[in-house]
Every structure is written in structure tokens, then in C-alpha cells.
Amino acid sequence: MARLEHVNVTVSNAETTAALLGDLLGWRVRWQGPAIHGGTSIHVGDDATYLALYSPKRIDAPHDDTYTRAGSMNHIGLVVDDLDATEAKVREMGFTPHSHADYEPGRRFYFDGPDGVEYEMVSYA
């Protein structure tokens with residue numbers, strides 16, 4: 001048996017992204033501190049899983065479409081209890097939900113957060 005513990009993603013400002021995920025999902029900072037190449041990392045999540053947000057000293061220009069580049073991360077899928085309330089909060093935070101879909105066994109929408117990281121919000125309720 002195995003389970004996903006974390007995903008590590010590079011962002012321009014780990015503090016800003018951690019605050020956004022904390023406000024949206026009720027997550028907490030599990031750890032933060034110095035990281036590779038003089039960067040900073042913040043682990044934000046719950047007791048079982050988290051996102052490791054890494055901010056380097058210098059950010060390179062964005063690359064091509066992640067869906068056509070091998071080894072790319074395309075989106076982060078997060079399960080929520082109340083999709084409608086989450087969507088309202090995403091809008092309040094200034095982001096635009098898109099690509100809504102109802103499918104068996106649940107519903108979903110996506111939004112592009114800071115740094116072009118795409119989040120898929122899913123509810124199986």
C-alpha cells in the first residue's frame with residue numbers, strides 16, 4: 001500500500017501561496033525554513049498530506065505549455081466538501097473558476113492561482 005504524502009512545486013512567493021491555500025482550504029503551515037540553492041520552503045496542508053512550496057532566489061521565465069512538455073505538472077487536484085462554497089471563495093479571492101464539469105462520481109472546476117499553478121477543486125459529496 002502507498003499514499004501520496006506531498007508534492008513539491010516552485011512558486012515565486014511561498015508565503016503568499018501558503019496564505020492563499022490556508023485561507024481557501026483551512027490548511028496550516030506544518031514547517032518552513034531554508035531550502036536548496038538559498039531558497040525557502042513552506043509545507044502547507046494537514047496532518048496527512050501537504051504541498052511543499054519552494055521559492056528560489058531567482059525565478060526563470062515560464063516555460064511552454066505544461067501539457068506538451070514531458071515531466072511537467074499540469075494541475076493540483078484537491079477534494080473539498082462544499083464545491084459551491086469553495087467556488088464562491090475562489091471568486092472572492094480574485095481568481096476565475098473555469099472548466100466546470102459534472103461527472104460520475106463528482107463535480108469539479110479549475111482555477112489558475114499565483115504563478116500559473118492550476119488547481120482542480122473536486123467534490124464527491
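This tour goes through a sheet and then a helix of a predicted model. Residues are numbered from 1 along each chain as its sequence is written. In this predicted model local features need pLDDT of at least 70 and side-chain atom pairs count only at pLDDT 80 or more, while totals for chains, interfaces and linings use all residues, and side-chain values use heavy atoms, leaving out hydrogens and water.

Begin with the open sheet, whose four strands (DSSP runs of E, at least two residues, numbered from the N terminus) follow the order β1-β4-β3-β2 with mixed pairing, where two strands pair if DSSP finds at least two bridges between them. Select β1 (6-10) and β2 (28-35), which stand at the edges with a single partner strand each, so one side of each is left without a neighbour in the sheet.

Next, add β4 (residues 50-55), with which β1 pairs in the parallel sense over five bridges, and look for Asn8, which stands opposite Ala52 in β4.

Now move to helix α2 (residues 83-92), helices being DSSP runs of H or I with at least four residues. Which residues of α2 are buried? They are Leu83, Thr86, Glu87 and Val90, where buried means under 20% relative accessible area with a 1.4 Å probe, protein chains only. These buried residues cover an arc of only 100 degrees around the axis, which puts them on the same side of α2; the arc is that of the directions from the helix axis to the C-beta atoms.

Finally, at the start of α2, show Asp82, a side-chain oxygen of which reaches to within 3.2 Å of the backbone nitrogen of Asp84, and then select Gly94, just after α2, which takes a positive phi of about 95 degrees.

Terms used:
Buried < 20%, exposed > 50% of the residue type's maximum accessible area, 1.4 Å probe, protein only. Polar contact = N/O pair within 3.5 Å; in protein donor to acceptor, adjacent residues only side chain to side chain.
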